[in-house]
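Me: Please show me the model, and then let us go through its cysteines, its core and its strand connections one at a time.

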Amino acid sequence: MAKCAICSKAAHFGNNVSHSNRKSNRIWKSNVKSVKVNVNGNSRKMNVCTRCLRAGFVERA
C-alpha cells in the first residue's frame, strides 16, 4: 500500500452506511504519487502525497 514518505499519510478505514443503516467495510485511499525527488543532490523515486507536493515539502527532479 502506498504511504507518503514525508508525512506518513496512508489509507483510512471506515464503513459504508446505507439508507437502511446497514454497514459494510470501506477504504479511503490517499492521493499518493510516485515522483522523482532531489535528495541530497541525488534524484530518487519516492511516494509523496499531493498535499506535500503542493506545499513544496519536496523538490522535484
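Reply: Before the questions, note that this is a predicted model, in which local features need pLDDT of at least 70, side-chain atom pairs count only at pLDDT 80 or more, and totals for chains, interfaces and linings use all residues. Residues are numbered from 1 along each chain as its sequence is written, and side-chain values use heavy atoms, with hydrogens and water left out.

Me: How many disulfides does the structure hold?

Reply: A disulfide is taken as a pair of cysteine sulfur atoms within 2.5 Å. Cys4 is in no disulfide, its nearest cysteine sulfur, that of Cys7, being 3.6 Å away. Cys49 is in no disulfide either, with the sulfur of Cys52 as the nearest at 3.5 Å. The number of disulfides in the structure is 0.

Me: Is Cys49 buried or exposed?

Reply: Buried means under 20% relative accessible area, exposed over 50%, and partly exposed in between, with a 1.4 Å probe and protein chains only. Because its relative accessibility is 2%, Cys49 counts as buried.

Me: Which elements give two or more residues to the largest nonpolar core?

Reply: A nonpolar core is a set of buried Ala, Val, Leu, Ile, Met, Phe, Trp, Tyr and Cys residues joined through side-chain atoms within 4.5 Å. The largest one has 9 residues, among them Cys4, Val32, Met46 and Cys49. Elements here are DSSP runs numbered from the N terminus, helices being H or I with at least four residues and strands E with at least two. Those that give two or more residues to this core are strand S3 (32-39) and strand S4 (42-49).

Me: Which residues does Val32 touch, not counting those up to four places away in sequence?

Reply: Contact means heavy atoms within 4.5 Å, and Val32 is itself a member of the largest nonpolar core. With residues up to four places away in sequence set aside, Val32 touches Ala2, Lys3, Cys4, Asn47, Val48 and Cys49.

Me: Which residue in the turn of the S1 and S2 hairpin has a positive phi?

Reply: Two strands pair if DSSP finds at least two bridges between them, and 6 bridges join S1 (residues 12-17) to S2 (residues 23-28), which run antiparallel. Val17 stands opposite Lys23 in S2. The hairpin has 5 residues between its strands, and the turn residue with a positive phi, of about 70°, is Asn21.

Me: Is Asn40 buried or exposed?

Reply: Asn40 is placed in the loop between S3 and S4, and has a positive phi of about 55° although it is not a glycine. Because its relative accessibility is 77%, Asn40 counts as exposed.
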